[in-house]
Amino acid sequence: MNIKLRLILMNFMQFFIWGAWLLTIGAYWFQNKQWSGAQFGAIFSTMGISAIFMPALTGIISDRYINAEKLYGIMHIGGACVLFCLPMVSNPITFFWVMLINMFFYMPTLSLSITVAYSALKNEGKDVVKDYPPIRFWGTVGFIAALWTVSISKNETSANQFYIAGGVALALGLYAFTLPKARPMLNKATGVLASGSLGLNAFKLLRDPRFAIFFAFSLLLGAALQLTNAYGDTYIHGFAEVETYKNTWAVKYPAIIMSISQFSETGFILAIPFFLRKFGIKYVMLFSMLAWVLRFGLFAFGNPADGLWMIILSCIVYGMAFDFFNISGSLFVETQTTPEIRGSAQGLFMMMVNGFGAVFGSLASGFLIDEFFTNPDNTRDWHGIWLTFAGYALVIAIIFPFVFKYKHNAALKHAIEHV
C-alpha cells in the first residue's frame, strides 16, 4: 500500500471515531438519559478543557522523545478503552469525568495525525500543501460514514454509538504502529536553552504579532465551531415539539441532515489549493469567517418544512466555514515554523481552536442562552440564538482583514505557488 493510501485509511478512521458520537451524543443525553441541559454543556466543555494543554503536551513529547506515530497509537488505544466504559456510566457527573478522560486521549490525535501525515509526505518528497488536502478529504468521508452508520442503525439515542467509536479507535491504535516513522526532530545535542529542551519553543511564536493575532482569531473561530457542534443537532431535534414539523423527514433523521455539512467539507477540502493559489491564505481565512455568518444566519430563518432549503444551504456553507480556516491554518503554521517545533506548533494551533476556543464558546453560549434565549416553558428562542451567533461571526470577519497583516516568506510563497 503506498503512502497516500495508508494516510487515507488513517484519516478515515480518525474522524469516523469522532463522527460516531459527536453530533448524536445530545440525543443520547436528552432522550435516553433525560439529564439536564446545563450538565450537557459541561460535557461539551471536556473537548475544550483537554485541548487547552493535551495537544501541546503531546506535541512537545513527539518533538523531543517519542515517535509521533507511536504516541498516536497509544492515545487511540487508551481512548478506545474509555469509550467502551461510557455505556456503563449511570450518572451525569461520572459521565463528565469519563468523557474528559476520553478527550484527554482523543484531542491530541487531531494534531498528531497532521504531524504523522506531514512527516510521511515530506519523507517521500511530496508537497504537503498540494498532497495533504485530498488525503484529509477522506477524514470527512469517515465522519459522514460514522454519522450514517449510527443514524441508519437507529443508534442516535443508544449507547451503541460509543461501542462503534471504541471499536474503530482500537483498530486505528493498532494500525498506527505500522505507519511510517515520524521521529523526534529536536536535536538533543545542540545545547538548547531549558525552554527549548522542554519543547516550549513553539510558545515563543506568541511573541510575534503576526502569530499572536493568528492564534487569537483561531480561538475566536474555535468558539464558532463549538457552537455549531453543540447545538446544531439539538436545534433540529427541537422541531419535534412543534406539531407542524414533528413528522418531517428532517426531524426523524437529523443526523443525516447534519451530515450534509460533512459532504460539503469534502468538496471544499479539494477546493482549498485553488483558493489558496487564487486569493492567498489571508483571504481564504476571511472567507471562512464570512461563511460562519451565513451558517448561523440561515439556521436562524430555516425550518424542517418549507424552510428546509435554508438548513441544507447552511450545512453546505459549513464546509467552507470549517475547512478554509482549519486546513489553511494548519498549512500556515507548517510553512511558517521550523521542522524542530512542527509538532508543538500544530499542538498550539489545535489548543487555540479546540481548547480555549471551545471552552470560551461553551461557557459564553451557555450563559447567553440561559439568560436571554430560554422561554418560561423551558423552550429556546432558536431564531434569536442563531442571529446572535451570526452577529458574533460578522464582527470577527470585519476586524480580521484590518489587524492580520503579514508578508509571504519564501516557504509560504513557494508553497502557494506550487499548489
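This report walks through the fold, the surface and a few side-chain pairings of a predicted protein model.

**Overall picture**

Let's start with the chain as a whole. The secondary structure consists of 16 helices and 0 strands. The chain has 419 residues, and 60% of them count as buried. Among contacts with a separation of 6 or more, 83% are between residues 24 or more positions apart. The accessible surface is about 16300 Å², and carbon and sulfur atoms account for 67% of that area.

**Helix α6 and its partner α11**

Helix α6 covers residues 128-152 and includes Ser-151. Its 25 residues should span 36 Å at 1.5 Å a residue, and the end C-alpha atoms are indeed 36 Å apart, so expectation and model agree. Following α6 comes Lys-154, which has a positive phi near 60 degrees.

Ser-151 is a good place to see how α6 meets the rest of the chain. With a relative accessible area of 2%, Ser-151 is buried. Setting aside residues up to four places away in sequence, Ser-151 touches Glu-156, Tyr-253, Ala-255 and Ile-256.

The last of these, Ile-256, sits in helix α11, residues 254-279. Ile-256 is buried too, at a relative accessible area of 10%. Beyond its neighbours within four places in sequence, Ile-256 is in contact with Trp-148, Ser-151, Ile-152 and Trp-249. Ile-256 and Ile-144 lie 112 residues apart in sequence, yet their C-alpha atoms are 8.5 Å apart in space.

**Salt bridges**

How many salt bridges does the model have? The count comes to 2. Here they are side by side, with the closest N and O atoms compared.

| Acidic residue | Basic residue | Closest N to O distance |
|---|---|---|
| Asp-131 | Lys-4 | 3.3 Å |
| Glu-243 | Lys-246 | 3.1 Å |

The pair of Asp-131 and Lys-4 forms a salt bridge that links distant parts of the chain, with Asp-131 in helix α6 and Lys-4 in helix α1 (residues 3-19), 127 residues apart. Asp-131 counts as buried at 13% relative accessibility, while Lys-4 is partly exposed at 31%. In the other pair, Glu-243 is exposed, with a relative accessible area of 60%, and Lys-246 is partly exposed at 34%.

**Cysteines**

Why does Cys-81 not form a disulfide with Cys-85? The two sulfurs are 7.3 Å apart, and Cys-85 holds the closest cysteine sulfur to that of Cys-81, so the gap is too far for a bond. The structure as a whole holds 0 disulfides. Cys-81 is partly exposed, with a relative accessible area of 47%, whereas Cys-315 is buried at 0% relative accessibility.

**A nonpolar surface patch, and helix α2**

On the surface, Leu-394, Val-395, Ile-398, Ile-399, Phe-402 and Val-403 form a nonpolar patch, together offering about 540 Å² of accessible area. One of them, Val-403, belongs to helix α15, which runs over residues 382-403. Val-403 is partly exposed, with a relative accessible area of 34%. As a reminder, an α-helix has 3.6 residues a turn, so residues three or four places apart point the same way.

Helix α2 (residues 25-33) offers a view of the buried side of the model: Ile-25, Gly-26, Ala-27, Tyr-28 and Trp-29 are buried there. Just after α2, Gln-34 adopts a positive phi of about 55 degrees.

Note on methods: Residues numbered from 1 in each chain as written. Predicted model: local features only at pLDDT ≥ 70, side-chain atom pairs only at ≥ 80, totals over all residues. Heavy atoms only, no water. Helix = DSSP H or I, 4+ residues; strand = E, 2+ residues; numbered from the N terminus. Buried < 20%, exposed > 50% of the residue type's maximum accessible area, 1.4 Å probe, protein only. Contact = heavy atoms within 4.5 Å. Areas by Shrake-Rupley, 256 points an atom, 1.4 Å probe, with all protein chains shown as cover. Patch = residues over 30% accessible without salt bridge, like charges linked within 9 Å, V, L, I, M, F, W, Y side chains within 5 Å. Salt bridge = Lys/Arg side-chain N within 4 Å of Asp/Glu carboxyl O. Disulfide = S-S within 2.5 Å. Expected span 1.5 Å × (residues − 1).
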